[in-house]
Amino acid sequence: MIPPAARAAIAAHLTDELDVHPHLATLIVASLADRLAAEGWHINSTPPARPVAPRAREEGRTHGGLARRLLPRRTRTNGDPS
């Protein structure tokens, strides 16, 4: 099934690019969408999930290493307790 907004966008492109009458463009898009659905094709508006690299999931080691590289270390001076 094609969302109504996608059908309207496709019909608008047909009207602009091929100089097809808007009513005819809408009928063509509906016909094509029905034929695609009959063949098992489905168009939806939800994007697929982006794959995540395995190392990106490891938070503990990643954030600690980044903090060590970016933040300067405090050095103790004589007489400083902390």
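When I say buried today, I mean under 20% relative accessible area, while exposed means over 50% and partly exposed is anything in between. With that in hand, hello everyone, and here is the protein. Please keep in mind that this is a predicted model. Of its 82 residues, 10% count as buried.

Let's start with the overall layout. The protein has four helices and zero strands, so from the N terminus the order of elements reads α-α-α-α. As for how far apart the contacting residues sit in sequence, take the contacts with a separation of 6 or more: 37% of them join residues 24 or more positions apart.

Now to the pair of helices I'd like to show you, α1 and α2. Helix α1 covers residues 4-18 and helix α2 covers residues 22-38. Their axes come within 8 Å and cross at roughly 130°. That angle makes α1 oblique to α2, because it falls outside the ranges for roughly parallel, antiparallel or perpendicular. The crossing of these two helices is right-handed.

Which residues make the contact? On the α1 side you have Arg7, Ile10, Ala11, Leu14 and Thr15. On the α2 side you have Pro22, Ala25, Thr26, Ile28, Val29, Ala30, Ala33 and Asp34. Sorted by class, that contact of α1 with α2 has nine nonpolar, two polar and two charged residues.

Some of those names come back when we look at the nonpolar core. The largest one has five residues in all: Ala11, Leu14, Val20, Ala25 and Val29. The elements giving two or more residues to this core are α1 and α2.

Let me zoom in on two members of that core. Leu14 belongs to helix α1, and it counts as buried because its relative accessible area is 19%, against a cut-off of 20%. Leaving aside residues up to four places away in sequence, Leu14 touches Asp19, Val20, Ala25, Ile28 and Val29. Leu14 and Leu24 are 10 residues apart in sequence, and their C-alpha atoms are 9.4 Å apart in space. The other member is Ala25. With the same sequence neighbours left out, Ala25 touches Ala11, Leu14, Thr15 and Val20.

Asp19, one of the residues that Leu14 touches, deserves a moment too. Asp19 lies in the loop between α1 and α2. Is Asp19 buried or exposed? At 70% relative accessibility, Asp19 counts as exposed, because the cut-off is over 50%. Its backbone is worth a look as well. Most residues other than glycine have a negative phi. Phi of Asp19, however, is near 55°, a positive value in a residue other than glycine.

Last stop, the beginning of the chain. Pro3 sits in the segment before α1, and at 23% relative accessibility it counts as partly exposed. Where does it lie relative to Asn44? The two are 41 residues apart along the chain, and their C-alpha atoms are separated by 6.6 Å.

So, to leave you with one picture: α1 and α2 cross in a right-handed way, and both give two or more residues to the largest nonpolar core. Thanks for listening, and I'm happy to take questions.

Terms used: Residues are numbered from 1 along each chain as its sequence is written. This is a predicted model: local features need pLDDT of at least 70, side-chain atom pairs count only at pLDDT 80 or more; totals for chains, interfaces and linings use all residues. Side-chain values use heavy atoms; hydrogens and water are left out. Axes are lines fitted to C-alpha atoms, for helices over the stretch in contact, and angles run from 0 to 180 degrees between N-to-C directions. Angles under 35 degrees count as roughly parallel, over 145 as roughly antiparallel, 65 to 115 as roughly perpendicular and the rest as oblique. A crossing is left-handed if the near helix is turned anticlockwise from the far one by less than a right angle, and right-handed if clockwise. Contact means heavy atoms within 4.5 Å. Ala, Val, Leu, Ile, Met, Phe, Trp, Tyr, Cys and Pro count as nonpolar, Asp, Glu, Lys and Arg as charged, and the others, Gly among them, as polar. A nonpolar core is a set of buried Ala, Val, Leu, Ile, Met, Phe, Trp, Tyr and Cys residues joined through side-chain atoms within 4.5 Å. Buried means under 20% relative accessible area, exposed over 50%, partly exposed in between (1.4 Å probe, protein chains only).
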